[in-house]
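Reader: I am new to reading protein models. Could you take one part of this one and walk me through it closely?

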Amino acid sequence: MEWSTGLLGFAAGLLLSVTTAPVGVSGAVFLLPVQVSVLGVPSPAVTPTNLLYNVVAGPGALLRYWRAGRLGGPLTRLLIAGTVPGVVIGAVIRVFAVPGPRVFRLLVAVLLLPLGLWLWLRSVRPAPQSARDQPSPRATTSLALAVGVAGGIYGIGGGSLLGPILVGRGAPVSTIAPAALASTFVTSMVGAATYALLSLAATGDVAPDWLLGLSCGAGGLLGGYLGAHLQPHLPETALRLLLGTLATSVGALYTVQVLR
């Protein structure tokens, strides 16, 4: 890896984490298109590289939330209980059933485009109070399992999708953000280890790009800490609109690439 590539990865991880950590979203959800389109990480190695980024970057925001006394609790345990087995299933699907870049880009578009539009809708027109009740523990774990599978395929750990979904339902960001990031961190460790094991049996680029993942993760480590520190000073509506814009833009980009 050239030094310029590593520097670009560091800068991307830093900027994305500063923006996304305040609402409990790992920067990996937006870093993946950069790795594919700009840094040239091959498929499916881009997925474990993204999970490696989460493992390195995660402690930055988690440390800040822990110091503020907002890390842990029943929601964190529910999310981890669902996303951990889900990411293993997703990793197997990603390696053996979805190896092609075209199908992969289609999955990215299907995940991000509606998520971004939904965030926009929930920011501009908040849900009524009756629709803001959080799901039951069983429903939360089932949702976490489904999102974990998607995260294992996409390389975002799962919590990065759960965060926007739960925040979009009206849950307070101060509660969701630490739980979602903790879920992303634990799930990404399991996912990265799963891909490392699968690389022993599968052919092609399955193992992560270690140097690039560490470079991006170092930027995310610093950016995540800064983003978590800034959370109390940033308006929630502006952050949701920004995340919705980023997700919609990336989803639209991949849609165009698939249709070409």
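Author: Here is a close look at one helix pair, set within the whole fold and followed by one buried residue and one surface patch.

Start with the whole. The model is predicted. The protein has ten helices and zero strands. Read from the N terminus, its elements run α-α-α-α-α-α-α-α-α-α. There are 260 residues, and buried ones make up 50% of them. Now take the contacts with a separation of 6 or more. Residues 24 or more positions apart account for 88% of these.

Next, the helix pair. Helix 3 covers residues 46–67, and helix 8 covers residues 173–198. Their axes are 8 Å apart. The two pack at an angle of about 145°. Helix 3 passes helix 8 in a left-handed crossing. Which residues of helix 3 make the contact? They are Thr47, Pro48, Leu51, Asn54, Val55, Gly58, Pro59, Ala61, Leu62 and Tyr65. Helix 8 answers with Ala177, Pro178, Leu181, Ala182, Thr184, Phe185, Ser188, Met189, Gly191, Ala192 and Tyr195. Trace both lists on the structure.

Now turn to Arg240. This residue lies in helix 10, which spans residues 236–259. Is Arg240 buried or exposed? Its relative accessible area is 15%. Buried means under 20%, so Arg240 counts as buried. What does Arg240 touch, leaving out residues up to four places away in sequence? It touches Leu119, Ser123, Val167, Ala171 and Val173. Another pairing shows how the chain folds back. Arg240 and Thr20 are 220 residues apart along the chain, yet their C-alpha atoms are separated by 9.5 Å.

Finally, go to the surface. The protein exposes about 11,000 Å². Carbon and sulfur atoms supply 70% of that area. One nonpolar patch there measures about 540 Å². Trp3, Leu7, Phe10, Leu222 and Leu226 make this patch. Two elements give two or more residues to it: helix 1 (3–20) and helix 9 (210–230). Helix 1 gives the most, with three residues. Leu7 is found in helix 1.

Put the stops together. Helix 3 and helix 8 pack with axes 8 Å apart. Arg240 of helix 10 is buried. Helix 1 and helix 9 each give two or more residues to the nonpolar patch.

Conventions: Residues numbered from 1 in each chain as written. Predicted model: local features only at pLDDT ≥ 70, side-chain atom pairs only at ≥ 80, totals over all residues. Heavy atoms only, no water. Patch = residues over 30% accessible without salt bridge, like charges linked within 9 Å, V, L, I, M, F, W, Y side chains within 5 Å. Areas by Shrake-Rupley, 256 points an atom, 1.4 Å probe, with all protein chains shown as cover. Salt bridge = Lys/Arg side-chain N within 4 Å of Asp/Glu carboxyl O. Helix = DSSP H or I, 4+ residues; strand = E, 2+ residues; numbered from the N terminus. Buried < 20%, exposed > 50% of the residue type's maximum accessible area, 1.4 Å probe, protein only. Contact = heavy atoms within 4.5 Å. Axes fitted to C-alpha atoms, helices over the stretch in contact; angles between N-to-C directions. Left-handed = near helix turned anticlockwise from the far one by under 90°.
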